[in-house]
Amino acid sequence: MRRSTWAALGGGAVLAVMLGWWLLPAEDAGTVGLEPSTAPATSAARHAAADTGAGAAAAVSTFGSASRQEQLRQARERYERATQVYTSYRDATRYPHDSRPISEHADQTKPFAPVEEFKALRDASGKGVKGIRLRTSQDRVFLSGAESVLVSIEATDDSGRPVPLSITRSQAQTVADTSTPVTLISAEVPFNDDGVAPDISARDGKYTARLTPSTQGFAAYAGTIRILAQISANGETGAYAFDVIYSPNVPATWVGAREVQENGSLNFYLKAQIREPGRYVVSGRVYDANGKPFALLQFNDEVKVGMQEFKLNLFGALIRDKAPAFPLSLVDVDGFLLKENAFPDRAMMARQSGVVITSKRYAVSSFSAAEWSSEERERYLREYGKDMQAALDALNRLQ
């Protein structure tokens with residue numbers, strides 16, 4: 001269940017590598033992963049640089065013994081490919097990596113949606129039980145401090161019709177995540193279908209349970225906790241396991257939020273009391289006035305102890321290009337302290353579910369249309385521009 005939180009860093013370089021890999025010919029693919037400043041020139045640039053004054057002779061040397069028509073065709077293709085690489089990278093990096101259209105991250109539109117599965121019931125040997133399927137859900141995977149996880153199980157036949165089930169035993173216990181032994185901690189976690197909390201509807205075939213590690217013996221434990229349910233349905237028996245990753249410490253608490261239009265963009269500042277310093281990763285979704293998901297904003301940086309603010313930048317050009325209906329709402333904010341070379345690799349802050357803050361009404365035209373700029377982006381554009389010009393020069397010498 002580990003996830004890398006570093007994908008947002010170096011996004012331009014990764015994107016450049018991907019574009020180069022897919023768009024350059026096979027003979028050039030091996031050089032794409034290098035930095036532009038150190039990578040060998042691409043094929044078009046190498047051919048163009050071979051002879052700057054020999055005219056047609058250079059073109060013949062570049063393309064071997066191919067006919068003039070074939071030389072022109074190859075030169076045009078190289079120029080088109082170099083142009084496509086340049087424009088694709090330019091357009092894909094128009095906005096910064098931490099302020100992106102949410103359409104690029106469809107899987108993060110609903111971060112707090114339950115994790116649901118529909119699988120066959122499995123017996124003690126791990127073999128699927130014919131004719132019995134389980135529909136399960138858990139409302140979170142990572143939790144910290146006094147947070148709890150809600151899980152549920154129901155059974156159906158292969159056609160989706162409900163099948164009566166009973167849970168003969170259910171228990172949570174610690175799981176060793178490495179070869180290092182851990183102290184075994186266990187606790188009963190009863191499932192019920194009687195309409196008493198945490199169950200919602202009595203006798204609907206959906207059995208529900210809640211685990212709160214801090215009050216059920218796991219308050220000093222950090223790592224994986226497995227809830228194992230022994231199940232009986234239509235005379236068949238099996239089991240299902242829910243895994244959660246728990247950290248007993250809450251590294252920071254939310255205090256408030258504000259929004260400011262500045263430097264051509266709209267910035268949301270989320271105030272927090274930081275108890276434990278380190279690298280924090282915070283994500284928030286922006287919805288427009290019509291309730292339409294619009295953007296994903298992220299913060300990923302080192303934070304000191306004390307009262308601090310996480311800045312979530314909604315980039316001006318993104319607003320100008322997409323023209324969302326104002327006011328905008330920042331919703332469903334999640335954050336955690338990243339712990340390098342450790343497991344669990346994060347300590348969660350409390351979820352901020354729903355609307356956290358709603359902006360004022362602004363005219364779209366009041367935001368800057370300027371593209372994002374960074375040293376890395378300008379360097380890549382410069383190198384891809386050189387490749388494009390070299391390919392054009394080679395083409396012009398043949399025409």
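Begin by selecting aspartate 91 in this predicted model, where a relative accessibility of 46% makes the residue count as partly exposed. Add arginine 90 to the selection, and the two side chains are seen to meet in a salt bridge, at 3.1 Å from N to O; arginine 90, at 27% relative accessibility, likewise counts as partly exposed.

Move next to glutamate 117 and lysine 119, whose salt bridge has its closest N and O atoms 3.4 Å apart. Glutamate 117 is partly exposed at 30% relative accessibility, and lysine 119 is partly exposed with a relative accessible area of 43%.

Now select glutamate 302 together with arginine 279, the partners in a salt bridge of 3.7 Å, N to O. This pair links distant parts of the chain, since glutamate 302 lies in strand 14 (residues 293-303) and arginine 279 in strand 13 (residues 278-287), 23 residues apart. Glutamate 302 counts as partly exposed at 48% relative accessibility, whereas arginine 279, at 15%, falls under the 20% cut-off and therefore counts as buried.

For a network of salt bridges, select Arg94, Asp321, Glu371, Arg377 and Glu378, which are linked in this way; the count of salt bridges comes to 20.

Keep Arg94 on display and turn to alanine 317 in helix 5 (residues 316-322), a residue that counts as buried at 1% relative accessibility. Beyond its neighbours within four places in sequence, alanine 317 is in contact with Arg94, Tyr95, Ser368, Ala369 and Ala370. Alanine 369 is 52 residues from alanine 317 in sequence, yet their C-alpha atoms are 4.3 Å apart in space.

Finally, display the whole protein, with its 6 helices and 18 strands, in which 46% of the 399 residues count as buried.

Key: Residues are numbered from 1 along each chain as its sequence is written. This is a predicted model: local features need pLDDT of at least 70, side-chain atom pairs count only at pLDDT 80 or more; totals for chains, interfaces and linings use all residues. Side-chain values use heavy atoms; hydrogens and water are left out. Helices (H or I, at least four residues) and strands (E, at least two) are DSSP runs, numbered from the N terminus. Buried means under 20% relative accessible area, exposed over 50%, partly exposed in between (1.4 Å probe, protein chains only). Contact means heavy atoms within 4.5 Å. A salt bridge is a side-chain nitrogen of Lys or Arg within 4 Å of a carboxyl oxygen of Asp or Glu.
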